[in-house]
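Thanks for making time this morning. I would like to walk you through one model, taking backbone angles, buried charges and a pair of helices in turn.

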Amino acid sequence: MRLGITMRGGNATAYHETRDALAHDWHRLMAQALPEADWLPVPNLGDAVGDWVGRWELDGVILSGGEDRGENPRRDATEDALWGLCREGSLRLLGVCRGLQQLWYWHGGVLAPAPGHVAARHLVHWAPPWAGAVASAREVNSFHGQVLGGPLPAGLRAYAWGPAGDVEAAGDKQRRCAGLMWHPEREPQVDPQDRRFLRWFWLGEEPRP
């Protein structure tokens, strides 16, 4: 399996140039949760990313966190193009934090401000197929300024709910796209439930009690 991970943008200190960046935390998560996968960072190429994905023969892409939609138009265009490939059936997408917000947006959902959700921790409650296969509730980290608001968009199902009834994990029934609002890569050791979720999505390992 060959996967890509999208990157946030930023300006280099003391240089007049824009750079793409990926936290080192992703190296640890991929080694612990998906050691079978080859992976590489995805540059923010806008619409041209489709040709890049084809040359590298990627099976799927992880949409990483950082930056609300609208803050980095080049990244938005890159991930919009990746979503187009997903809709065509040639690419699978897994979203983390911003990544799930993107999936929610692309399915017609709305985003709402989330005071108190940055650098915090809270409980989430699993829904089927995870309820019963893992502990019904668990604590997760939170680094997002927006929550998934409004009704659940058509085409998505909720996998986990937050304390206020907001969706914290979701995906489609065909396992073409899914996402988590928390950051599994920011835990010192990968949580066993996060590892199972990643392996369920990418490798088809079904959740079992």
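Let me begin just after α4, where Gly108 takes a positive phi of about 95°; please keep in mind throughout that what we have on screen is a predicted model. The helix that comes before this glycine, α4, spans residues 98–106 and is mostly covered, with eight of its nine residues buried. Those buried residues are Arg98, Gly99, Leu100, Gln101, Gln102, Leu103, Trp104 and Trp106.

Staying with the backbone, I should recall that most residues other than glycine have a negative phi. Against that background, Cys97, which is not a glycine, has a positive phi near 55°, and its place is in the loop between β6, residues 92–96, and α4. Is Cys97 buried or exposed? Its relative accessibility is 3%, and because the cut-off for buried is under 20%, Cys97 counts as buried. A further case is Arg175, again not a glycine, whose phi is positive at about 60°; this arginine is found in the loop between β12 and β13, the latter covering 177–180.

Now to the charges, and here I would ask you to look at β12 and the loop that leads into it. Asp166 lies in the loop between β11, residues 157–161, and β12, residues 167–171, while Glu168 sits in strand β12 itself. Which side chain of opposite charge is nearest to Asp166? It is Arg138, at 14 Å, so with the salt-bridge limit set at within 4 Å, Asp166 is buried and yet has no salt bridge. For Glu168, also buried and also without a salt bridge, the nearest side chain of opposite charge is again Arg138, here 9.5 Å away.

As for their surroundings, and leaving out residues up to four places away in sequence, Asp166 touches Val147, Leu148, Ala160 and Trp161. With the same kind of exclusion, Glu168 is in contact with a list of residues that includes His122, His144, Trp161, Met181 and Trp182, and also Leu100, which we met among the buried residues of α4.

Finally, the helix pair: α1, residues 25–33, and α5, residues 192–203, pack at an angle of about 75°, with their axes 10 Å apart, and the two are therefore roughly perpendicular to each other. In this contact, Leu29, Gln32 and Ala33 from α1 meet Arg195, Leu198 and Arg199 from α5, which by class amounts to three nonpolar, one polar and two charged residues.

Methods: Residues are numbered from 1 along each chain as its sequence is written. This is a predicted model: local features need pLDDT of at least 70, side-chain atom pairs count only at pLDDT 80 or more; totals for chains, interfaces and linings use all residues. Side-chain values use heavy atoms; hydrogens and water are left out. Helices (H or I, at least four residues) and strands (E, at least two) are DSSP runs, numbered from the N terminus. Buried means under 20% relative accessible area, exposed over 50%, partly exposed in between (1.4 Å probe, protein chains only). Lys and Arg count as positive and Asp and Glu as negative; His and the chain ends are not counted. Contact means heavy atoms within 4.5 Å. Axes are lines fitted to C-alpha atoms, for helices over the stretch in contact, and angles run from 0 to 180 degrees between N-to-C directions. Angles under 35 degrees count as roughly parallel, over 145 as roughly antiparallel, 65 to 115 as roughly perpendicular and the rest as oblique. Ala, Val, Leu, Ile, Met, Phe, Trp, Tyr, Cys and Pro count as nonpolar, Asp, Glu, Lys and Arg as charged, and the others, Gly among them, as polar.
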